[in-house]
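Trainee: I'm new to this structure and would like a close look at one part of it. Could you take me through how two of the helices meet, and then show me what else is worth finding?

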Amino acid sequence: MERTVSSTPQGARGTARPATRHPQPPNKRGHPLRVAIIGGGPGGLYAAALLKRLDPRREITVWERNAPDDTFGFGVVLSDETLGGIEHADRQVYEALQHHFTRWDDIDIVHKGTRHTSGGHGFAALGRRRLLEVLHNRCRDLGVDLRFRTTAPAGLEGTHDLVIAADGVNSTTRGAHTHVFRPHVTPHHCRYIWLAADFPFDAFRFEIAETGHGVMQLHGYPYASDASTVIIEMREEVWRAAGFDEATPQESTETCAKIFEEALRGRPLRSNKSTWTTFRTVVNERWSHGNVVLLGDAAHTAHFSIGSGTKLAVEDALALAACLEEQPSVERALTAYEAERKPVVASTQRAALASLEWFENLALYLDQPPRQFAFNLLTRSRRVTHDNLRLRDARFTAAVEREFGCEPGTPPMFTPFRLRGLTLRNRVVVSPMDMYSATDGLPGDFHLVHLGARALGGAGLVMTEMVCVSPEGRITPGCTGLYDGAQTEAWKRITDFVHARSPGTAIGVQLGHSGRKGSTKLMWEGIDEPLPEGNWPVVGPSPIPYKAANQIPRELTPNQLTEIREQFTAAARRADRAGFDLLELHCAHGYLLSSFLSPLTNRRTDGYGGTLAGRLRFPLEVFDAVREVWPRERPMTVRISATDWAEGGTTAEDAVEIARAFAAHGVDAIDVSTGQVVAEERPEYGRSYQTPYADRIRHEIGVPVIAVGAISSWDDVNSLILAGRTDLCALARPHLYDPHWTLHAAAEQGYDGPGAVWPDPYRAGSRRPQTGRTDAPKPRLTLGT
């Protein structure tokens, strides 16, 4: 469970609206007077209180099937931003809650008998029963009709202006209208149980237990002066191996207390109708249907490890009340509510999923050094970052950096990294980016300026675009090649410039063949669309076109496979003569070698298809042949698509085995990308969204990895490197936006060391320019009014 620190309330629209609202005519559709609320949890109750306070004429009824004091959890954590929204919207509720909060700043991580503490996090929690009591009282004071032990009647949408379904993760309202809401419910791999201890932890505590059955974890935090929430979690297979699947609730509680005896100070645990359950992520394509709207867990769920369930429900209530005040009809209000809340919730769900998956894969990290493990845990959702954590607890972060090997004052991204005989001066890679600016495969002045500028910009490694091994292996007529002597000399001109003008920067070449995705237009003319004329034939492992409009590729024969393999080795020899420091084999994004790997594009029945071992055969043959002719002291990497983002395609598990195979053949690093293999893919985009695939490969195989995919800030790079999730970070679009991205990252962090060397002609610009006057006199006195 974690929180981001914010000095101003966020995520809750309409924070000051109760004081400035404009009453509307009583019959106006946007100002509903008869409101039904299904579910008496915090979200539903708070929505009732807000709507009644905004207009006392409203007839608001809450139906709750349980008793007033029934609750199935223990403590609730609320963030500063949520509390800020409550304070502005209903100060009376805020002040009532304030009396019951337990506050603390520290997080303890206990791993292999060692405890590391990180401070400055700022938590506030109270008992769930107490929270409900405060909201019950507020609703009663305002005149809300609370009906406990009562199931909501059918047909409320016909008798009320508005129906708010706050009926939880198992929402019957959502279930009755699945054809409209179109929910996606995803179960996950861990079992967990909510328990409590009758003493307060002095920090938020994460404790890892390595048992004979597998790894288990405790999440614990205080919520009162004499009580703490304790959540015990483990993977399904560990849960079964430990016998919890056959244990009674009392036996489970007693066993958990014994396993985490030290954390609990020898005290027992207690339950409250607690049962083992599996977390399910709920996502709805729509949140409203007519005058019915979903709120809280009925609309969305986010894993408890980032503490956002109640937070999101309360913020939903705030936003819904504000939209109903602002919009002229219920329909438009619900549309505005959904448009406002969906992006916020999606962002939270991405962070929650990252956190959930980190705990699911906890066993991968058990051998990390203790401080790095703690840092990895704290930054698992990518919302807490290296820079953010340094602001919260500089001493802890500095200790992690020292353990990692950072010299004093050196950010993790500016530490060196060695691949075979090549030492990179920092961890930043300019990712391969197709420029579509060559003529007959020949790189020209554009490529010299493009790659030269990025080399001068400070990155440790600059990669070319995919350089094609034959004219027929090009993606477009504008793609570069290494299939003749003129191209070799043109590339040598570029590598000579980089080595002479940006000493210390390495330049690598990415070799590939377009396969079935070849003979297409330039990107800005129509990406992956076939050429209107001048087409060349395309090839692949199987005669399956990329799209219906694309050519059907010719299925390669064994002789043609041999010919293409020889084209790769000839291109590798030319790359050597051209002076490249590193060679990457492109086995990703649906190009030829990638299409051999995916079961969606390789339907062969000979030795080059079928099982994963068969599908790996040709890419490995090409790798071995290129490695044979590539200088032994120079590193060779492979880029893979770790998932096809499509049913029946390459999975994360397959990616691990693909990486394992290349590692066994001597690869120096795996460049881990995803997708672009089939047109019908459904990627799950988000910040650093591809990094978990690199992380898993690194820890399961032990091979160095390059992480890619929406890594856009130097803070992200520092966080990923220091947490041990990757060895190098490749950035594409940020380097198009700013060719000197790495040098600017150094300047912004106050770093001026060997990891980021400014070229002599640019050194005068190594300090960030002033953007405005900074010498104005500081205020000395503030007078009250």
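**Two helices and their surroundings**

Mentor: Happily! Start with α2 and α11, which cross in a right-handed way. Keep in mind that this is a predicted model.

Helix α2 covers residues 42-54 and helix α11 covers residues 309-326; their axes come within 8 Å and cross at roughly 25 degrees. Angles under 35 degrees count as roughly parallel, so α2 is roughly parallel to α11. To see the contact for yourself, pick out Pro 42, Gly 43, Tyr 46, Ala 47, Leu 50, Leu 51 and Leu 54 on α2. Facing them from α11 are Thr 310, Ala 313, Val 314, Ala 317, Leu 318, Ala 321, Leu 324 and Glu 325. What sort of residues make up this contact of α2 with α11? They divide into 12 nonpolar, 2 polar and 1 charged.

Helix α11 also leads us to a record. UniProt, in an unreviewed entry, places the feature "domain: FAD-binding" at residues 161-349. In the model, that span is 34% helix and 33% strand, and its end C-alpha atoms lie 31 Å apart.

Now move to a small sheet elsewhere in the chain. Its 3 strands are arranged in the order β3-β7-β4, forming an open sheet with antiparallel pairing. Strands β3 (75-77) and β4 (102-104) stand at the edges with a single partner strand each, so one side of each has no neighbour in the sheet. From one strand to the next, the twist averages 30 degrees.

Let's look at one pairing within that sheet. Strand β7 takes in residues 123-127, and β3 pairs with β7 in the antiparallel sense over 3 bridges. One place to find this pairing is Gly 75, whose bridge partner in β7 is Gly 127. Here is a useful idea to carry along: in a regular strand the side chains alternate between the two faces of the sheet.

A helix belongs in this picture too. Helix α5, residues 128-142, lies across β3 and β7 and runs at about 80 degrees to β7.

Finally, visit the hairpin of β5 and β6. Strand β5 (residues 107-111) and strand β6 (residues 114-118) run antiparallel and are joined by 5 bridges. His 111 stands opposite Thr 114 in β6. The hairpin has 2 residues between the strands, and Lys 112 takes a positive phi near 55 degrees.

How values were computed
Residues are numbered from 1 along each chain as its sequence is written. This is a predicted model: local features need pLDDT of at least 70, side-chain atom pairs count only at pLDDT 80 or more; totals for chains, interfaces and linings use all residues. Side-chain values use heavy atoms; hydrogens and water are left out. Axes are lines fitted to C-alpha atoms, for helices over the stretch in contact, and angles run from 0 to 180 degrees between N-to-C directions. Helices (H or I, at least four residues) and strands (E, at least two) are DSSP runs, numbered from the N terminus. Angles under 35 degrees count as roughly parallel, over 145 as roughly antiparallel, 65 to 115 as roughly perpendicular and the rest as oblique. A crossing is left-handed if the near helix is turned anticlockwise from the far one by less than a right angle, and right-handed if clockwise. Contact means heavy atoms within 4.5 Å. Ala, Val, Leu, Ile, Met, Phe, Trp, Tyr, Cys and Pro count as nonpolar, Asp, Glu, Lys and Arg as charged, and the others, Gly among them, as polar. Two strands pair if DSSP finds at least two bridges between them. UniProt positions are given in the numbering used here, feature names are shortened, and annotations may be inferred rather than shown by experiment.
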